[in-house]
Amino acid sequence: MRYQFPVLRRVLVIVSTCTFFFSTPAFAAERVVLRYGILRESISVEELSTFAKTGELSRSLRVNFALARQDPQAIRPYLTTPVQVNVVTLDRVLNSPVGNLILDELSQAIHTPSRTADRQALRAALILSASEDGQITLMEVIENYPTSDVEIDGDRLGNAYRQLRRLQTGIQDFLKF
């Protein structure tokens, strides 16, 4: 019981900091660079969010998916299917060696344009996403990403979702200890 209070305090500090700094548009992703192989398209987060929520494709997304020969309706569940997590346990797992491996895998699909501080950016986006409702979707992670631009490798989006599921399993395993 004594151990839970410092962890809870740390999570509250992280969530408060994330909420304070990342709730303004200046600290949240505004643009997504969607890559499929050599194809790169810059779209707004709002455009991708609309697609995730409604299935409605903007002209640029329609063209991008067509050129990449991707079925948009196969991509959409990866963006919207939630993974249930406990924010306190999520913080503990993300700050462990297993969490670092998962963050490294996730950063293969979702990362900063410069490819620096990917772990930290993802950790912040995941904690902020989970703090809102106890669940995470890839779309929430993208919306809460703490840089103005975020790059997404469309070919690895399915793998990123599987890593989120793995994170949920890792949390459940972590709770057994």
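These exercises work through a predicted model of one protein chain.

**Exercise 1. Confidence**

State how confident the predictor is over the chain, and find where pLDDT stays under 50.

*Solution.*
- Start with the average: the protein chain has a pLDDT of 83.
- Next, the share of good scores: 80% of the residues reach at least 70.
- Then the weak stretch: over residues 16-26, pLDDT stays under 50.
- For residues 16-26 the model has 12 contacts beyond four places in sequence.

**Exercise 2. Packing of H2 and H3**

Classify the crossing of helices H2 and H3, then describe their contact.

*Solution.*
- Locate the helices: H2 covers residues 45-54, and H3 covers residues 59-67.
- Take the geometry: their axes come within 10 Å and cross at roughly 75°.
- Apply the cut-off: angles of 65 to 115 degrees count as roughly perpendicular. H2 is therefore roughly perpendicular to H3.
- List the residues that meet: H2 brings Glu47, Leu48 and Phe51, while H3 brings Ser60, Leu61 and Phe65.
- Sort by class: the contact of H2 with H3 has four nonpolar residues, one polar and one charged.

**Exercise 3. Tyrosine 36 and phenylalanine 65**

The structure holds three aromatic pairs. Characterise the one formed by tyrosine 36 and phenylalanine 65.

*Solution.*
- Get the ring geometry: 6.2 Å centre to centre, with 65° between the planes.
- Compare with the cut-off: planes over 60 degrees apart count as edge-to-face. The pair is edge-to-face.
- Place the partners: tyrosine 36 sits in strand S1 (residues 31-36), phenylalanine 65 in helix H3. They are 29 residues apart, so the pair links distant parts of the chain.
- Check exposure: both tyrosine 36 and phenylalanine 65 are buried.
- Widen the view: Tyr36 and Phe65 form one aromatic cluster with Phe51.

**Exercise 4. Tyrosine 78 and tyrosine 161**

Classify this pair and the exposure of each partner.

*Solution.*
- The ring centres of tyrosine 78 and tyrosine 161 are 6.2 Å apart, and the planes stand at 40°, so the pair is tilted.
- Tyrosine 78 belongs to helix H4 (residues 72-80), and tyrosine 161 to helix H9 (residues 157-176). The two are 83 residues apart.
- Tyrosine 78 has a relative accessible area of 27%, so tyrosine 78 is partly exposed.
- Tyrosine 161 has 12% relative accessibility and therefore counts as buried.

**Exercise 5. Threonine 169**

Place threonine 169 in the fold, and give its C-alpha separation from glutamine 84.

*Solution.*
- Threonine 169 lies in helix H9.
- Its relative accessibility is 39%, so threonine 169 counts as partly exposed.
- The C-alpha atoms of threonine 169 and glutamine 84 are separated by 10.0 Å. Along the chain, the two are 85 residues apart.

Notes:
Residues are numbered from 1 along each chain as its sequence is written. This is a predicted model: local features need pLDDT of at least 70, side-chain atom pairs count only at pLDDT 80 or more; totals for chains, interfaces and linings use all residues. Side-chain values use heavy atoms; hydrogens and water are left out. Axes are lines fitted to C-alpha atoms, for helices over the stretch in contact, and angles run from 0 to 180 degrees between N-to-C directions. Helices (H or I, at least four residues) and strands (E, at least two) are DSSP runs, numbered from the N terminus. Angles under 35 degrees count as roughly parallel, over 145 as roughly antiparallel, 65 to 115 as roughly perpendicular and the rest as oblique. Contact means heavy atoms within 4.5 Å. Ala, Val, Leu, Ile, Met, Phe, Trp, Tyr, Cys and Pro count as nonpolar, Asp, Glu, Lys and Arg as charged, and the others, Gly among them, as polar. pLDDT is the predictor's confidence in each residue, from 0 to 100. Rings of Phe, Tyr and Trp (its six-membered ring) pair if their centres lie within 6.5 Å; planes under 30 degrees apart count as stacked, over 60 as edge-to-face and the rest as tilted. Buried means under 20% relative accessible area, exposed over 50%, partly exposed in between (1.4 Å probe, protein chains only).
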